[in-house]
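Reader: I'd like to learn how to read a structure like this one. Can we put it on screen and go through it?

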Amino acid sequence: MNIPEKFSKKYGDSFPNPVYLKPPDGTEWKINWTNQDGEILFEKGWNELAKYYSLDNGHLLWFEYNGTSEIEVHILDTSCLEIDYPSNDNSVGISKKQKEKV
């Protein structure tokens, strides 16, 4: 996944690698990225997150970056309503498993 060029130019030099994406369900996803021609590309870990949340064409992701490695992410459906994923009681377990894969 490519991050918008405007964001990449503004934060690219100080953007931490890896980052931890945190959806509202309580999981935490470790995502590694690369800089390709000045553009941030999410790579290792991204496919697992996309599969877990069944991301598809038309979904909109809203990222809240506060200058740390933890980034809140909201997933909106094709009607632009946030998808209400059930809270994940095993979030620590999923996070640890996912981190081990990455």
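Author: Sure, surface area first: accessible areas come from the Shrake-Rupley method with a 1.4 Å probe, and for residues only the protein chains shown count as cover. Here the protein exposes about 6600 Å², with 47% of that supplied by carbon and sulfur atoms. Mind that this is a predicted model: local features need pLDDT of at least 70 and side-chain atom pairs count only at pLDDT 80 or more, while totals for chains, interfaces and linings use all residues. Residues are numbered from 1 along each chain as its sequence is written, and side-chain values use heavy atoms, with hydrogens and water left out.

Reader: How many helices and strands are there in the protein?

Author: Helices (H or I, at least four residues) and strands (E, at least two) are DSSP runs, numbered from the N terminus. This protein has three helices and six strands, in the order α-β-β-β-β-α-β-β-α from the N terminus on.

Reader: What share of the residues is buried?

Author: Buried means under 20% relative accessible area, exposed over 50%, and partly exposed in between (1.4 Å probe, protein chains only). Of the 102 residues in the protein, 34% are buried.

Reader: Which residues does I71 contact, leaving aside its neighbours within four places in sequence?

Author: Contact means heavy atoms within 4.5 Å. On that basis I71 is in contact with F15, V19, Y20, L21, K22, F63, E64 and Y65. I71 sits in strand β6 and is buried because its relative accessible area is 3%.

Reader: And H74, buried or exposed?

Author: H74 counts as buried, because its relative accessibility is 12%. H74 is also in strand β6, residues 70–76. Beyond residues up to four places away in sequence, H74 touches P24, L60, L61, W62, E64 and E82. With E82 there is a side-chain polar contact of 2.8 Å. Such a contact is a pair of N or O atoms within 3.5 Å; within protein, one must be able to donate a hydrogen and the other to accept it, and residues adjacent in sequence count only if both atoms are side-chain atoms.

Reader: Which strand gives the most to the lining of the largest pocket?

Author: The general idea is that rolling a probe the size of a water molecule over the atoms shows where empty space is left. A pocket, on a 1 Å grid over the protein atoms alone, is an open set of points where a 1.4 Å probe fits, with protein on both sides within 12 Å along at least five of seven lines; lining residues have an atom within 4 Å of a point. Strand β5 (residues 60–65) gives the most, with four residues.
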